[in-house]
Amino acid sequence: REPDGIISICDTKDKGTDYAFMPVAEIYGNDYYITDCICDNNLPDIVEPRIVEMLKRKKVQMSRFESNSAGGRIAKEIQEQVKGITKITTKYTTANKETKIILNSGWVKEHCLFKDESLYKKRDDYGKMIEMLCGYTMAGKNKHDDVPDGMAMLAEFSKSLSGNQVQIFQRFF
């Protein structure tokens, strides 16, 4: 069946060794199928057209871009190219990255479903994503934490889309 929605987040990059990371999630109830991604540390002039192409091809309805550093400018430029397909919002992040990853790891484990390893190559974007996600450690330094940070961003974005829940309980007094 058709997904309930298709969303993504994008942790953009400027120059340097960081990775641009954009997972695409098809939502079915409470399950988020990570159907594709960009996990690329090339220069922005190579990565940004790939982001536009992915948003269009996967028909992403909403995407949240991190607006730290060059992210706000990139989000604005990409929004012009995907107008009518994807609504892009931005969010400036001030939270500690490691704390954010740890606090959202339970949601990622409970709600995100990934492709079987027979369906991707280790050297493609999806393979790099899985390697970085599974290679993250809380016990020491991480060379690349862009993917776990991005998945935490996806968790926070997803939670922000769902309404508040009301619970009725008996008075304590």
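Here are some worked exercises on the pockets, the cavity, one loop residue and the cysteines of this predicted model.

**Exercise 1. Work out how big the largest pocket is and what lines it.**

Step 1. Start with the volume: the largest pocket comes to about 360 Å³.

Step 2. Next, list who sits around the middle. The lining has 15 residues, and those closest to the pocket's centre are Ser-105, Val-108, Lys-109, Leu-133 and Tyr-136.

Step 3. Now trace the lining back to secondary structure. At least two lining residues come from each of helix 3 (97–111), helix 4 (125–134) and helix 5 (146–161). Helix 3 gives the largest share, with five residues.

Step 4. Finally, sort the lining by class: 13 residues are nonpolar, one is polar and one is charged.

**Exercise 2. Do the same for the second largest pocket, and find its make-up by class.**

Step 1. The volume here is about 280 Å³.

Step 2. Count the lining and look at its middle. There are 18 residues, with Asp-11, Thr-12, Asp-18, Glu-66 and Asn-68 lying nearest the centre. Helix 3 and helix 5 are the elements that give two or more residues to this lining.

Step 3. Split the lining of the second largest pocket by class and you get 10 charged, five polar and three nonpolar residues.

**Exercise 3. Find how many cavities of 30 Å³ or more the structure holds, and describe the largest.**

Step 1. The count is one.

Step 2. The largest cavity has a volume of about 60 Å³.

Step 3. Go round its wall: you'll meet Arg-64, Phe-65, Glu-66, Lys-91, Thr-93, Met-153 and Glu-156. Two elements, strand 4 and helix 5, give two or more residues each. Strand 4 has the largest share, three residues.

Step 4. As for class, four of the residues lining the largest cavity are charged, two are nonpolar and one is polar.

**Exercise 4. Place Gln-61 in the fold, decide whether it is buried, partly exposed or exposed, and find what it touches.**

Step 1. Locate the residue: Gln-61 sits in the loop that runs between helix 1 (44–57) and strand 4 (62–66).

Step 2. Check its accessibility. Gln-61 has a relative accessibility of 44%, so it counts as partly exposed; that class falls between the 20% and 50% cut-offs.

Step 3. Look for partners further off in sequence. Setting aside neighbours within four places, Gln-61 contacts Gly-5, Ile-6, Ile-85, Thr-86 and Lys-87. Ile-7 is 54 residues away along the chain, yet its C-alpha atom is 5.9 Å from that of Gln-61.

Step 4. Zoom in on the polar atoms: one in the side chain of Gln-61 lies 2.7 Å from the backbone nitrogen of Ile-6.

**Exercise 5. Work out how many disulfides the structure holds, and why Cys-39 is not bonded to Cys-37.**

Step 1. The disulfide count is zero.

Step 2. Take Cys-10, which is in no disulfide: its nearest cysteine sulfur belongs to Cys-39 and is 11 Å away.

Step 3. Turn to Cys-39. The closest cysteine sulfur, in Cys-37, is 5.8 Å from the Cys-39 sulfur, which is too far for a bond; a disulfide calls for sulfur atoms within 2.5 Å.

Step 4. Check burial for both. Cys-10 counts as buried because its relative accessibility is 0%. Cys-39 is also buried, with a relative accessible area of 0%.

Methods: Residues numbered from 1 in each chain as written. Predicted model: local features only at pLDDT ≥ 70, side-chain atom pairs only at ≥ 80, totals over all residues. Heavy atoms only, no water. 1 Å grid on protein atoms, 1.4 Å probe; cavity = no way out; pocket = protein on both sides within 12 Å on 5 of 7 lines; lining within 4 Å. Points joined across faces, edges and corners; volume = space filled by probe spheres on them. Helix = DSSP H or I, 4+ residues; strand = E, 2+ residues; numbered from the N terminus. Nonpolar A, V, L, I, M, F, W, Y, C, P; charged D, E, K, R; others polar. Buried < 20%, exposed > 50% of the residue type's maximum accessible area, 1.4 Å probe, protein only. Contact = heavy atoms within 4.5 Å. Polar contact = N/O pair within 3.5 Å; in protein donor to acceptor, adjacent residues only side chain to side chain.
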